[in-house]
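Q: I should like to learn how to read individual features of a protein model. Could we proceed feature by feature?

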Amino acid sequence: MSKLEQILILDPPSDLRFRGPFTDVVTTNLKLRNPSDRRVCFKVKTTAPRRYCVRPNSGVIDPGATVTISVMLQPFDYDPNEKSKHKFMVQTIFAPHGASDLEAMWKDAKPDDLMDSKLRCVFEMPSDSEKMNELESTKAASVLNASKADGTSGAKAGNMDDAEMRKVMEECKRLQSEMGKLLDENRQLKDEGLRMRKANQYDSSVSKSSAMLSKEPASKSLPSLLVVIAAIFIGFFLGKFVL
C-alpha cells in the first residue's frame, strides 16, 4: 500500500528560513492549514531538538482551520561556510472519531496511516544595505513612537475639564490669601518691635532725669546747712565774749 499524501497545506512548503544575526533567539513561523472535512492531528519533529523550541509542537486542527507554529532558533556562533543540516518533519494523521487520548493514538497508529512533510532549515545573514535599511526603519519607528507619545500627553493636557481648572485656580487664590496674611503678620510684628524699643528708650531717659533731679536738691541744700551751722557757732562764740 502506498504512503498517504500529506493532507495539510504548509506555508512555507519546504524551507524554514532564519534571518540573522544569531546572537539572540530568531523566530520563524510555519502555518498548517487543514483543507479537509476531518480533524487532523499533527506533530512537529526536528533533527536538532536542543537547538530549537517549537510552540505548539503537537495538536489537533479542525476542518478548514489553520494553526501557526512558532519555531525559535536558539543563539549560536554562526559560520557562513558551514551549511545547515537541520531538518524538520510535520507528521499528521486523521483523528479517529471520539479519540481523547492523543498520546495513545500516536502510539497505536499504523505506519500506513501516517502522513509527513519535510522541511530544511536555511540560515541567512542580512547584507550591508539591508542592515542600513533596517537601522533606518528602527530609527523612524522610534521617532514615530516618540511623536505619538508627545501627542498623547498633549491631548491629555488639552482634555483637562473645567472643574479641574477651577480647582487649580481656587487653590492658587487660597495660597495667595495665606501669603497676604503672613505678610500682614510680619508687618505687625515689626511695628510691635519698634514700639517696644521706643518705650524702653523713653523709660531709660525718664529714670536718668529723675536721678539727676534727686541729686540737685541735695547739692543745693548742702550750702544752706553749712550757713546755719556757721551762724550757730558764731552766735555761740559771741555770746561767750559778751558775757
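A: Certainly. The model is predicted. Let us begin with a surface patch: M179, L182 and L183 together form a nonpolar patch on the surface, with about 300 Å² of accessible area.

Q: Where is L182 found, and is L182 buried or exposed?

A: The location is read from the secondary structure, the exposure from relative accessible area. L182 belongs to helix 3, which spans residues 162-242. L182 has a relative accessible area of 52% and is therefore exposed, as the cut-off for that class is over 50%.

Q: How should one read the side chains along a strand, and which residues of strand 7 point to which face?

A: One follows the side chains residue by residue and notes the face and the burial of each. In strand 7 (residues 66-73) the side chains alternate. V67, I69, V71 and L73 point to one face and are buried, while T66, T68, S70 and M72 point to the other face and are not buried.

Q: Which strands pair with strand 7, and in what sense?

A: Pairing is read from the bridges between two strands. Strand 3 (residues 26-33) pairs with strand 7 in the antiparallel sense over 8 bridges; here T68 of strand 7 is the bridge partner of K31. Strand 5 (residues 52-55) also pairs with strand 7 in the antiparallel sense, over 4 bridges, and M72 of strand 7 is the bridge partner of C53.

Q: Turning to loops, where does S36 lie, and why does S36 count as buried or exposed?

A: A loop residue is assessed by accessibility like any other. S36 lies in the loop between strand 3 and strand 4 (40-46). S36 counts as buried because its relative accessibility is 16%, and the cut-off is under 20%.

Q: What does the side chain of S36 reach, and with which residues is S36 in contact?

A: One looks at polar partners, then at residues further along the sequence. The side chains of S36 and N34 are joined by a polar contact of 2.6 Å, and the side chain of S36 reaches the backbone oxygen of R38 at 3.2 Å. Leaving aside neighbours within four places in sequence, S36 is in contact with I7, P63, G64 and F94.

Q: Is K110 buried or exposed, and where is K110 found?

A: The same two readings apply. K110 is found in the loop between helix 1 (102-108) and strand 9 (115-124). Its relative accessible area is 58%, so K110 is exposed.

Q: How far apart are K110 and I93 in sequence and in space?

A: Both separations should be stated. K110 and I93 are 17 residues apart in sequence, and their C-alpha atoms are 9.7 Å apart in space.

How values were computed. Residues are numbered from 1 along each chain as its sequence is written. This is a predicted model: local features need pLDDT of at least 70, side-chain atom pairs count only at pLDDT 80 or more; totals for chains, interfaces and linings use all residues. Side-chain values use heavy atoms; hydrogens and water are left out. Buried means under 20% relative accessible area, exposed over 50%, partly exposed in between (1.4 Å probe, protein chains only). Patches are made of residues with over 30% relative accessible area and no salt bridge: like charges are joined within 9 Å, nonpolar side chains (Val, Leu, Ile, Met, Phe, Trp, Tyr) within 5 Å. Accessible areas come from the Shrake-Rupley method with a 1.4 Å probe; for residues, only the protein chains shown count as cover. A salt bridge is a side-chain nitrogen of Lys or Arg within 4 Å of a carboxyl oxygen of Asp or Glu. Two strands pair if DSSP finds at least two bridges between them. A polar contact is a pair of N or O atoms within 3.5 Å; within protein, one must be able to donate a hydrogen and the other to accept it, and residues adjacent in sequence count only if both atoms are side-chain atoms. Contact means heavy atoms within 4.5 Å.
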